[in-house]
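Work through these exercises with the structure open beside you. Try each task before you read its solution.

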Amino acid sequence: MHKIKVAVIGVGKLGSIHARVYSEMKNVELVGVCDINPEKAKKLARLLKTNYYPQYHKIIPLVEAVSIAVPTTIHYAIGKDFLRNGVHCLIEKPLTADIKEAEELLKIAKEKKCILQVGHIERFNPAIQTIMKLPGKPRFIECHRLGKFSPRIKDVGVVLDLMIHDIDIILTLVKASIETIDAMGVKILTKYEDIANARIKFTDGTICNLTASRVSDEIMRKIRIFKESAYISLDYFKQEVMVYRKEKKRIVSRLLSVKKEEPLKAEITSFINCLHKKSNPIVSGEEAYLALKLAFQILEKIKENERKNNFHRCR
């Protein structure tokens, strides 16, 4: 098996982990890293015994695949340049900050026969993979994704930053069309929504309630799924799953066995396996596009409700 030549563009918090994971893989050659912060990139390159490149364009002819972990607003520009040159891409979520840009990347990837995988990392969380195997149809889903404010993410709001994870998981769990959406958001520390809540009703009757905040003291990453025969509570951080069932006249609970592992490592390993086997990724560009499309519908509903509230305040 030949070694896939890869590079990482953007070596911030996530990109540096991408580079570290690639450097540890036997079937991969980490050709180099690139970042606008030369000192940080050079330091990482020395640590991982690879090369530093000040401009990503110089890496394009040297690699077969790339991880793009830069601010969301430049995913399109960088992804487009690699895809047009036949380089397979793993782009961090969300796919882009604009729906038309996402459509363009899908088109280029298809034309160039490139694998386009998007970093919806929760799909690789072993706890989520465990509940995907459980029988029964969801009737009500409640998601909470709360965290402390980080100035690292300045170019998008909490819907594209955090809620997009839960949107992707919900679209994986519920196989029905969307009937209605209602949503609200509040700006606290940035010009974008820092807290958001969305309520989505699907045509099969399933209702999903999503709450995301990036200005909370409490850190929480949970999903609760109510089925006709069971209630499932999943903690993404702890990679734990509790299942509650009604037996006669009492509720019994069971902690499911989950083989814990690093989701990002599983995501990158899956990407490289797709390249070797020429198979479709677990989170394809098309699936990430659908999550992005729903995220923008939620954002539009937030704006609509803001306009209504402002109108009532001015009366």
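**Exercise 1.** Find how strand 4 and strand 5 pair, and over how many bridges.

*Solution.* This is a predicted model, so treat each value as computed from it. Step one: follow the two strands. Strand 4 and strand 5 pair in the parallel sense, over 4 bridges. Step two: pick one bridge. Ile68 has Ile91 in strand 5 as its bridge partner. Step three: trace the connection. The chain leaves strand 4, passes through helix 3 (residues 75–84) and reaches strand 5. This β-α-β crossover is right-handed.

**Exercise 2.** Place strand 4 in its sheet and decide which of its faces are covered.

*Solution.* Step one: look at the other neighbour. Strand 1 (residues 4–9) runs parallel to strand 4, and 4 bridges join them. Ala7 stands opposite Val66 there. Step two: check each face of strand 4 (residues 65–68). Ala65 and Ser67 are buried on one side. Val66 and Ile68 are buried on the other. Both faces are therefore covered, since buried means under 20% relative accessible area.

**Exercise 3.** Write down the strand order of the open sheet of 6 strands, and name the strands at its edges.

*Solution.* Step one: read across the sheet. The order is 3-2-1-4-5-6, with parallel pairing. Step two: look at the ends. Strand 3 (51–53) and strand 6 (116–119) each have a single partner strand, so one side of each lacks a neighbour in the sheet. Step three: add the twist. It averages 25 degrees from one strand to the next. Step four: inspect one edge. Strand 6 runs parallel to strand 5 (residues 88–92), and 4 bridges join them. Cys89 stands opposite Leu116 in strand 6.

**Exercise 4.** Lys227 is buried: what lies around its side chain?

*Solution.* Step one: locate the residue. Lys227 is in strand 11 (residues 220–227). Step two: look for a salt bridge. Lys227 has none, and the nearest side chain of opposite charge, Glu228, is 11 Å away. Step three: look for backbone oxygens. That of Leu134 lies 3.4 Å from a polar atom of the Lys227 side chain. For Pro135 the distance is 3.1 Å.

**Exercise 5.** Lys113 and Gln239 both have phi near 55 degrees. Is each residue buried or exposed?

*Solution.* Step one: place them. Lys113 sits in the loop between helix 4 and strand 6. Gln239 sits in the loop between strand 12 (231–235) and strand 13 (240–247). Step two: apply the cut-offs, over 50% for exposed and under 20% for buried. Lys113 has 73% relative accessibility, so it counts as exposed. Gln239 has a relative accessible area of 9%, so it is buried.

**Exercise 6.** A search of the whole structure finds 14 salt bridges. Describe the pairs Arg20–Glu262 and Asp166–Arg145.

*Solution.* Step one: take Arg20 and Glu262. Their side chains meet at 2.9 Å, N to O. Arg20 is in helix 1 (residues 13–24) and Glu262 is in the loop between strand 14 (250–255) and helix 7 (263–277), 242 residues apart. Arg20 is partly exposed, at 29% relative accessibility. Glu262 is partly exposed, also at 29%. Step two: take Asp166 and Arg145. Their closest N and O atoms are 2.9 Å apart. Asp166 lies in helix 6 (residues 158–173) and Arg145 in strand 7 (residues 138–146), so the pair ties together parts 21 residues apart in sequence. Both Asp166 and Arg145 are buried.

Conventions. Residues numbered from 1 in each chain as written. Predicted model: local features only at pLDDT ≥ 70, side-chain atom pairs only at ≥ 80, totals over all residues. Heavy atoms only, no water. Pairing = 2+ DSSP bridges. Axes fitted to C-alpha atoms, helices over the stretch in contact; angles between N-to-C directions. Buried < 20%, exposed > 50% of the residue type's maximum accessible area, 1.4 Å probe, protein only. Right-handed = clockwise from strand over helix to strand, strands pointing away. Lys, Arg positive; Asp, Glu negative; His and termini not counted. Salt bridge = Lys/Arg side-chain N within 4 Å of Asp/Glu carboxyl O. Polar contact = N/O pair within 3.5 Å; in protein donor to acceptor, adjacent residues only side chain to side chain.
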